Amino acid sequence: MNKLNIKNKLKTFNGKRYVFCLIRKKYYLLTKEELVRQKIIYYLIKNRGYKVHEIYVEFNSTFYNIKNRIDILVLKKNRPFIIVECKSPEVKISYKSFDQIMKYYLRFKSQYLVLTNGIKTIIFEFKNNGIEFLKQIPKNF
């Protein structure tokens, strides 16, 4: 992913740093995971051409009476298109992370899944009853 300049989207309040979220239209505490989430959001908009109204952040869902919160959900034609799971940079991408995002896939059947900790990003597409790994998130068409 390209470097993100969010300096103009940061503010300090009571000694804590906050970042403005383009999607949720307010400031959030700048944790390591939130920084990864914001970088992906900017990348989707600035580099891949997705529109703000197509992106949902911390999307709440209940499936088989289990509550879930999807970090980023991108809709195309009102259907799930991309699901992104963000982790802090010190959290290794593991089978546990993969299991988590697969639960979201089973619920929403998105075409693409993205699993990232800001250092390592795994992008996969479901097609023809198989999984194909991609080098980058597809552009909006």
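Colleague: Let's start with one residue: where is the place of Ser88?

Modeller: Begin with how elements are named: helices (H or I, at least four residues) and strands (E, at least two) are DSSP runs, numbered from the N terminus. Here, Ser88 sits in the loop between β6 (79-86) and α2 (95-108). Keep in mind that this is a predicted model, where local features need pLDDT of at least 70 and side-chain atom pairs count only at pLDDT 80 or more, while totals for chains, interfaces and linings use all residues. Residues are numbered from 1 along each chain as its sequence is written, and side-chain values use heavy atoms, with hydrogens and water left out.

Colleague: Okay, is Ser88 buried or exposed?

Modeller: Buried means under 20% relative accessible area, exposed over 50%, and partly exposed in between (1.4 Å probe, protein chains only). Ser88 has 12%, so it counts as buried.

Colleague: Which residues is Ser88 in contact with?

Modeller: Contact means heavy atoms within 4.5 Å. Leaving aside neighbours within four places in sequence, Ser88 is in contact with Lys32, Glu33 and Asn117. There's a polar contact too (a pair of N or O atoms within 3.5 Å; within protein, one must be able to donate a hydrogen and the other to accept it, and residues adjacent in sequence count only if both atoms are side-chain atoms). The Ser88 side chain reaches the backbone nitrogen of Glu33 at 3.5 Å.

Colleague: Now a helix residue. What does Phe108 touch?

Modeller: Phe108 is in helix α2. Not counting residues up to four places away in sequence, Phe108 touches Phe59, Ser61, Ile70, Pro80 and Ile83. Its relative accessible area is 14%, so Phe108 is buried. For distance, go C-alpha to C-alpha: Phe108 and Glu90 are 18 residues apart in sequence and 28 Å apart in space.

Colleague: And how exposed is Val52?

Modeller: Val52 has 31% relative accessibility, so it's partly exposed. You'll find Val52 in the loop between α1 (32-47) and β4 (55-63). Beyond its neighbours within four places, Val52 is in contact with Leu22, Ile23, Lys25 and Ile45.

Colleague: Lys25 turns up there. What is its phi?

Modeller: Near 60°, a positive value in a residue other than glycine. Lys25 belongs to the loop between β2 (16-21) and β3 (26-29), and at 53% relative accessibility it counts as exposed. Asn128 is not a glycine either, and has a positive phi of about 50°. Asn128 is in the loop between β8 (121-127) and β9 (130-134), and it is exposed at 74%.

Colleague: Zooming out, how many helices and strands are there in the chain?

Modeller: The chain has 2 helices and 9 strands, in the order β-β-β-α-β-β-β-α-β-β-β. To judge compactness, take the radius of gyration over C-alpha atoms and compare it with the globule rule, 2.2 Å times the number of residues to the power 0.38. Here it is 15 Å, close to the 14 Å that the rule gives for 141 residues, so the chain is as compact as a globular protein of that length. Along its principal axes, the C-alpha trace spans about 50 × 35 × 30 Å.

Colleague: What share of the residues counts as buried?

Modeller: Of the 141 residues, 43% do. As for contacts in the chain between residues at least 6 apart in sequence, 45% join residues at least 24 apart.
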